[in-house]
Amino acid sequence: MKSLLVLATVFLLKSATISADDTPSYKFQCIELNGTINLNISYTVNDDTTEYMAVTVPSDAAATGSCEANKTYLALTDSTTGNVLTLHFDINASKNKLGSIDAGHWGVTTISYDYKINEVDAKSKGSRQALAVGSYFNTPINKTYFCSIEAVTLQNVTVNATTLLKSEHVTLDNSALSITVGDTSPKSDYDYHYCKADQKVKDIVPIAVGVALAALVIIVLVAYLIGRRRTVAAGGYERV
């Protein structure tokens, strides 16, 4: 019974803490990004079927960018392959929604990935750029975005900056992703803005702990009643 209570408490504490580990970290002045970024790249081969290749942004990727009042960007360059992942941020400090960014929020409006496909069986070889335009990672200003697992698909792929390849795409699979924009440093769980998937998990935690504690109370009560009944049956007496 005691172990059940301890387990519930540990579960609650772990769920409310962002662990510090050896996750890759990239920083440029006003932007800090932590997390493992895997890219699943599709390309068409000579027989018109699709092949895939996986690339991970290395932990030593060079971080460059810019820091402006309303717009900024972060570019991560792989020194070995020359591949570049770029995130463009919009910062909306006003009281009105601007474009796809809510009032008092920042977010990523464009994600691009520049890479090369030189596989022998590739139907079209050369430099490629995959692009996604929209609204990603929207977060209140002065908070850090966090998501345990998340995927973003870059559908618009061009080869040699001219031809659109409709059959190809790049998917970003992010793990333990956190992004901080501006002069802020998260010190507690309340300084983070969680993605929808993580918010659902965090909502379940109090319910799970409540159920565990309720079960503990029921077990104690049942054990007490059983013990009392045995005492009476053995000729004991009740103390007031």
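**Close-up views of two cavities**

**View 1. Strand β12 gives the second largest cavity the largest share of its lining, four residues.** This is a predicted model, and the cavity shown here has a volume of about 40 Å³. Its lining is made up of Leu33, Ile37, Leu87, Ile111, Phe137, Leu172, Asn174, Leu177 and Ile179. Both β2 (31-44) and β12 (170-181) bring at least two residues each to this wall. Sorted by class, you will find eight nonpolar residues, one polar and no charged in the lining.

**View 2. The largest cavity encloses about 50 Å³ of space.** Counting cavities of 30 Å³ or more gives two in this model. Around the largest one sit Leu39, Val55, Thr56, Val57, Pro58, Leu76, Asp78, Thr81, Asn83 and Tyr113. Here the classes split into six nonpolar, three polar and one charged.

**View 3. Asn83, one of the residues lining the largest cavity, takes centre stage here.** To find Asn83, follow the chain into the loop between β5 (71-77) and β6 (84-92). Is Asn83 buried or exposed? Asn83 counts as buried because its relative accessibility is 10%, and the cut-off for buried is under 20%. Leaving aside residues up to four places away in sequence, Asn83 is in contact with Val55, Leu76, Thr77, Asp78, Tyr113, Asp114, Tyr115 and Lys116. Val55, Leu76, Asp78 and Tyr113 are among these contacts, and they also appear in the lining of the largest cavity.

Key:
Residues numbered from 1 in each chain as written. Predicted model: local features only at pLDDT ≥ 70, side-chain atom pairs only at ≥ 80, totals over all residues. Heavy atoms only, no water. 1 Å grid on protein atoms, 1.4 Å probe; cavity = no way out; pocket = protein on both sides within 12 Å on 5 of 7 lines; lining within 4 Å. Points joined across faces, edges and corners; volume = space filled by probe spheres on them. Nonpolar A, V, L, I, M, F, W, Y, C, P; charged D, E, K, R; others polar. Buried < 20%, exposed > 50% of the residue type's maximum accessible area, 1.4 Å probe, protein only. Contact = heavy atoms within 4.5 Å.
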